[in-house]
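Please keep the sequence and the 3D view side by side while reading, and follow each residue in both as it is named. The paragraphs below go from one salt bridge to the domains and then to some local details of the backbone.

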Amino acid sequence: MADPKNPYILLTPGPLSTTASVKETMLRDWCTWDDSYNHAVVEDIRRRLVDLATKHSGYTTVLMQGSGTFAVESTIGTMMPKTGGKLLVLVNGAYGARIVQIARYLGIDHAVLDFGEINRVDPSRVNEMLEQDSSITHVALVHNETTTGMLNPLAKVAEVVKNHRKTFMVDAMSSFGGMPMDLGELGIDFLVSSANKCIQGVPGFGFVICKKERLISCENNARSLSLDLYDQWKTMETQGGKWRFTSPTHVVRAFQQAMNELDAEGGVIARFNRYYNNQRILVEGMEKLGFRPLLAKEFHSPIITSFYNPFEPNYSFAEFYSRLKRKGFVVYPGKVSVADCFRIGTIGDVEQEDIKQLLVAIEENMFWR
Ligand SMILES: *Cc1c(COP(=O)(O)O)cnc(C)c1O
């Protein structure tokens, strides 16, 4: 990767390294009420997102300006009824904790099941909780907890939530497009993701894929005008892809190109295999160099992996980071509170060869030994 405009590749969970062809599409300006944008770009993306998400009918999608958190907040603030609803949040990392924080800000009645940062969400405890507290109406799960790289048991949690007939919301920010899943099969009511994760677009908007009837029942729930998911959907749906407020046109066009490239790669399964191999090569190589992953291997996702910082007097993450950056690789600091870690992402325009070169760069820069 000797691209002078991109001196390093991002081994991070997003924004991530995108292809030159995705970036190039942003060199044109677009009119937000012209068909060449609304119809040919926005509506095309919306249709294709739903196709990517499920074979079942009855799903729709809404695009929402902002980073992923805006889309999460918009979903929670719109799906929860103004009175009588209670949200159960399943937490094992910072993104689950952020959903709790959103519920607090919005004054939404909620309960929390916290599993700690290095344990998986346990479906049997979710079941117990739903049996005990019949006032719970909605359940929120983070599929891949990007804090650690923990992959939560989506299908098993979905089964429990559906048995109890609760509305199920999934933050699949860092997994959608990179891991196969069928929303209809799983019974997911609302799934949230964003442009700059596994679809490999650039940052600027999030999207929510949801059951159309569920969304329609949420009219007038929103606590915020700009984050009213229903109103955003209604405008897009009835006005041929129009956004209520200025849409991030260049980012949206880049996302369409990213979707084309996902198709060209062979779809979600092919992308999953590439990420999976990246991550497997990474963990094997890191273990050979003496690094230890934070999580048990059966909890790993192909997206991002946490490693313990070496417990050596001469080690410093800042120094390690800047040496790797000079070699063309940007890794990520840790985010867990229970352990001293750093993280390496394996998503984006990143190939096995990049991971192999990273491992060589790491071996050559273990200055603390
Ligand atoms: C990236 C991410 C988000 C959204 O983060 P933003 O910084 O708002 O884009 C939410 N949940 C998960 C699991 C994520 O990985």
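Is E287 buried, partly exposed or exposed, and what is its relative accessible area? In this model, which is predicted, E287 has a relative accessible area of 33% and is partly exposed, because buried is kept for values under 20% and exposed for values over 50%. The side chain of E287 forms a salt bridge with K297, and the closest N and O atoms of the two are 3.0 Å apart. E287 belongs to helix α11, whereas K297 sits in the loop between α11 and β11, so the pair ties together parts that are ten residues apart in sequence. K297, with a relative accessibility of 48%, also counts as partly exposed.

Helix α11 leads on to the domains of the protein. The domain assignment gives a domain 1 made of residues 9–16 + 267–364 and a domain 2 made of residues 25–263, and the C-alpha centres of these two domains lie 27 Å apart. The contact between them takes 30 residues from domain 1 and 30 residues from domain 2. About 2,400 Å² of area is buried between domain 1 and domain 2, with 61% of it coming from carbon and sulfur atoms. Between domain 1 and domain 2 the count of salt bridges is zero, yet 17 residue pairs are found in polar contact across the interface, both residues of each pair being at pLDDT 80 or more. On the side of domain 1 that touches domain 2, α11 (267–288) and β11 (304–308) each supply at least two residues, and the largest share, seven residues, comes from α11. Sorted by class, that side of domain 1 has 16 nonpolar, eight polar and six charged residues.

One residue of helix α11 that deserves a look is R274. R274 counts as buried, because its relative accessibility of 12% is under the 20% limit. When neighbours within four places in sequence are left aside, R274 is in contact with Q200, E265, G348, D349, V350 and E351.

The salt bridges can be followed next. A search of the whole structure finds 15 of them, and one of these joins the side chains of E43 and R46, with a distance of 2.9 Å from N to O. Both residues lie in helix α2 (residues 35–53), where they are three residues apart, about one turn of the helix. E43 is partly exposed at 22% relative accessibility, while R46 is buried at 5%. The side chains of K86 and D133 meet in a further salt bridge, at 2.7 Å from N to O. K86 is placed in the loop between α3 (68–79) and β3 (87–91), and D133 in the loop between α5 (123–132) and β5 (138–142), so this pair ties together parts that are 47 residues apart in sequence. K86 is buried, with a relative accessible area of 15%, and D133, at 15% relative accessibility, counts as buried too.

From K86 the path goes to H138, a residue of strand β5. H138 counts as buried, at 4% relative accessibility. Not counting residues up to four places away in sequence, H138 touches M79, M80, P81, K86, L87, L88, T167 and R214. Its side chain reaches the backbone oxygen of M79 at 3.3 Å. H138 and R165 are 27 residues apart in sequence, and their C-alpha atoms are 9.1 Å apart in space.

R165 brings in the geometry of the backbone. Most residues other than glycine have a negative phi, and most peptide bonds are trans. R165, although it is not a glycine, has a positive phi of about 55 degrees; this residue is found in the loop between α6 (154–163) and β8 (167–171), and it counts as exposed at 75% relative accessibility. N220 also is not a glycine and has a positive phi, of about 70 degrees. N220 has its place in the loop between α8 (212–216) and α9 (229–238), and it is exposed, with a relative accessible area of 59%. Finally, a cis peptide bond joins G14 and P15, with an omega of about -5 degrees, and P15 lies in the loop between β1 (9–10) and α1 (20–24).

Definitions and conventions. Residues numbered from 1 in each chain as written. Heavy atoms only, no water. Domains from an automatic or database assignment. Contact = heavy atoms within 4.5 Å. Buried area = accessible area lost by both parts, 1.4 Å probe. Salt bridge = Lys/Arg side-chain N within 4 Å of Asp/Glu carboxyl O. Polar contact = N/O pair within 3.5 Å; in protein donor to acceptor, adjacent residues only side chain to side chain. Helix = DSSP H or I, 4+ residues; strand = E, 2+ residues; numbered from the N terminus. Nonpolar A, V, L, I, M, F, W, Y, C, P; charged D, E, K, R; others polar. Buried < 20%, exposed > 50% of the residue type's maximum accessible area, 1.4 Å probe, protein only.
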